Amino acid sequence: MERIASIMYLYEGNQAEYKKRHDELWPEMEQALKAHGASNYSIFLDPVTDILFAYLEVENKADYDRIAETEICKKWWAYMAPIMKSNEDNSPVSKDLTQVFYLA
């Protein structure tokens, strides 16, 4: 199992909408995440800075990364782009974090 952590950036004033959209995660998107090996997926928000911290575990990162090629993921990104910093392809602007400590 591989652990992945990253940060993303909400636009100011969109905290409630971001939470609402994830509370109502499309079943197809949930299925795609699971089909690509994602589990224990959590997203945390710093309400002062609008920075999001995402953590998930995957069976194989290369397999998980292929979710970006799916139509449902591209549709989800387009749906989320108006409320968070996004790249030209609508993927969220994110920074991968390097693990420096782990306690099992």
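This report describes the nonpolar core, the aromatic pairs, the salt bridges and a few single residues of the structure shown above.

The model is predicted, and for that reason local features are given where pLDDT is at least 70 and side-chain atom pairs where pLDDT is 80 or more, while totals for chains, interfaces and linings use all residues. Residues are numbered from 1 along each chain as its sequence is written, and side-chain values use heavy atoms, with hydrogens and water left out.

## The nonpolar core

In soluble globular proteins, nonpolar side chains tend to be buried together. The largest nonpolar core in this model holds 22 residues, and those with the most contacts inside it are Tyr18, Met29, Tyr64, Ile67 and Met84. A nonpolar core is here a set of buried Ala, Val, Leu, Ile, Met, Phe, Trp, Tyr and Cys residues joined through side-chain atoms within 4.5 Å. A residue is called buried under 20% relative accessible area, exposed over 50%, and partly exposed in between, using a 1.4 Å probe and protein chains only.

Two or more residues of this core come from each of strand 1 (2-9), helix 2 (27-35), strand 3 (51-58) and helix 4 (71-80), and helix 4 gives the most, with five residues. Helices (H or I, at least four residues) and strands (E, at least two) are DSSP runs, numbered from the N terminus.

Contact means heavy atoms within 4.5 Å, and when residues up to four places away in sequence are not counted, Met84 touches Met8, Tyr9, Leu10, Tyr11, Tyr18, Leu52 and Pro92.

Serine 6 belongs to strand 1 and counts as buried, with 11% relative accessibility. Apart from its neighbours within four places in sequence, serine 6 has contacts with Leu52, Phe53, Ala54, Lys95, Asp96 and Leu97.

## A nonpolar patch on the surface

Phe44, Phe53 and Leu97 make up a nonpolar patch on the surface, and together they have about 280 Å² of accessible area. Patches are made of residues with over 30% relative accessible area and no salt bridge, where like charges are joined within 9 Å and nonpolar side chains (Val, Leu, Ile, Met, Phe, Trp, Tyr) within 5 Å. The accessible areas come from the Shrake-Rupley method with a 1.4 Å probe, and for residues only the protein chains shown count as cover. Phenylalanine 44 lies in strand 2 (residues 38-46).

## Aromatic pairs

Four aromatic pairs are found in a search of the whole structure. Rings of Phe, Tyr and Trp (its six-membered ring) pair if their centres lie within 6.5 Å, and planes under 30 degrees apart count as stacked, over 60 as edge-to-face and the rest as tilted.

One of these pairs joins tryptophan 26 and tryptophan 76, whose ring centres are 4.9 Å apart and whose planes stand at 90°, so the pair is edge-to-face. This pair links distant parts of the chain, since tryptophan 26 sits in the loop between helix 1 (15-23) and helix 2, whereas tryptophan 76 sits in helix 4, 50 residues apart. Tryptophan 26 counts as buried at 19% relative accessibility, and tryptophan 76 counts as buried at 7%.

Tryptophan 26 also forms a tilted aromatic pair with tyrosine 79, with 5.0 Å from centre to centre and 35° between the planes. Tyrosine 79 lies in helix 4, 53 residues apart from tryptophan 26, and counts as partly exposed at 28% relative accessibility. Trp26, Trp76 and Tyr79 form one aromatic cluster.

## Salt bridges

Side chains of opposite charge can pair when their charged atoms come close. The structure holds six salt bridges, a salt bridge being a side-chain nitrogen of Lys or Arg within 4 Å of a carboxyl oxygen of Asp or Glu. The table lists some of them.

| Lysine | Acidic partner | N to O distance |
|---|---|---|
| Lysine 19 | Aspartate 23 | 2.9 Å |
| Lysine 20 | Glutamate 24 | 3.2 Å |
| Lysine 34 | Glutamate 30 | 3.0 Å |

Lysine 19 and aspartate 23 both lie in helix 1, four residues apart, about one turn of the helix; lysine 19 is partly exposed at 49% relative accessibility, whereas aspartate 23 is exposed at 55%. Because lysine 34 and glutamate 30 are four residues apart in helix 2, about one helical turn separates them. Lysine 34 is exposed, with a relative accessible area of 56%, and glutamate 30 is partly exposed, with 34%.
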